[in-house]
Amino acid sequence: MACDHAGFPMKGFVRELLAQHCDEVISLGATSEEPVDFPDVTRAAIDLILTGKAERVVLVCGTGAGACIAANKIAGIRAAVAHDTYVARQCVEHDDVNVLCIGAWIVGPQIAADVTRAFLAAEFSSEPQFRRRVEKLAEMDRARGA
């Protein structure tokens, strides 16, 4: 998991939640509310997926949008902002999302916990239409020279 300064107030809570559901939690990013640049924090967290050290990442920033934009710039990453459990589950099941972005200014700890649990529990569907669509996303990555 990682957060920028806007997500820092929720960092400890999310880290503890992840510890209840994951074998290991790697916590990156802001260590205070002192401003940091979310693209740098996002890149460090995404590198955990790219190097095989993590299967999924949770990013917490002010709205979730900036982290989501930054994450989706990286080939092989499919990030989504989710502030409800339906999106958190559906984005994994249908789109094989591997990065959840949460806005600490948007949701409180209980919603963040429910959303994170739904994201972690979801599995990518084996249905052919979803597999086909995610492969098309991978083709788009390759086409842009990623």
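## Helix H1, helix H5 and the sheet

In this predicted model, the axes of H1 and H5 come within 10 Å and cross at roughly 35°. The crossing is right-handed. From H1, the contact draws on Met 10, Phe 13, Leu 17, Leu 18 and His 21. From H5, it draws on Pro 109, Ala 112, Ala 113, Thr 116, Arg 117 and Leu 120. By class, 8 residues of this contact are nonpolar, 2 are polar and 1 is charged.

Now H1 itself. The helix covers residues 8–21, 14 residues in total. From first C-alpha to last it reaches 20 Å, close to the 20 Å expected at 1.5 Å a residue. Its buried residues are Met 10, Lys 11, Val 14, Leu 17 and Leu 18. An α-helix has 3.6 residues a turn, so residues three or four places apart point the same way.

What do the buried residues of H1 pack against? The partners are three strands and one helix, listed here.

| Partner of H1's buried residues | Residues |
|---|---|
| Strand S1 | 2–3 |
| Strand S2 | 28–29 |
| Strand S3 | 57–61 |
| Helix H5 | 109–121 |

The strands S1, S2 and S3 belong to an open sheet of 5 strands. Its order is S2-S1-S3-S5-S4, and the pairing is parallel. Why does one side of S2 and of S4 lack a neighbour in the sheet? S2 and S4 (79–81) stand at the edges, each with a single partner strand, so one side of each is left free of a neighbour there.

Further in, S3 pairs with S5 (residues 99–103) in the parallel sense, over 5 bridges. Val 58 stands opposite Leu 100 in S5.

How values were computed
Residues are numbered from 1 along each chain as its sequence is written. This is a predicted model: local features need pLDDT of at least 70, side-chain atom pairs count only at pLDDT 80 or more; totals for chains, interfaces and linings use all residues. Side-chain values use heavy atoms; hydrogens and water are left out. Helices (H or I, at least four residues) and strands (E, at least two) are DSSP runs, numbered from the N terminus. The expected span of a helix is 1.5 Å times one less than its number of residues. Buried means under 20% relative accessible area, exposed over 50%, partly exposed in between (1.4 Å probe, protein chains only). Contact means heavy atoms within 4.5 Å. Axes are lines fitted to C-alpha atoms, for helices over the stretch in contact, and angles run from 0 to 180 degrees between N-to-C directions. A crossing is left-handed if the near helix is turned anticlockwise from the far one by less than a right angle, and right-handed if clockwise. Ala, Val, Leu, Ile, Met, Phe, Trp, Tyr, Cys and Pro count as nonpolar, Asp, Glu, Lys and Arg as charged, and the others, Gly among them, as polar. Two strands pair if DSSP finds at least two bridges between them.
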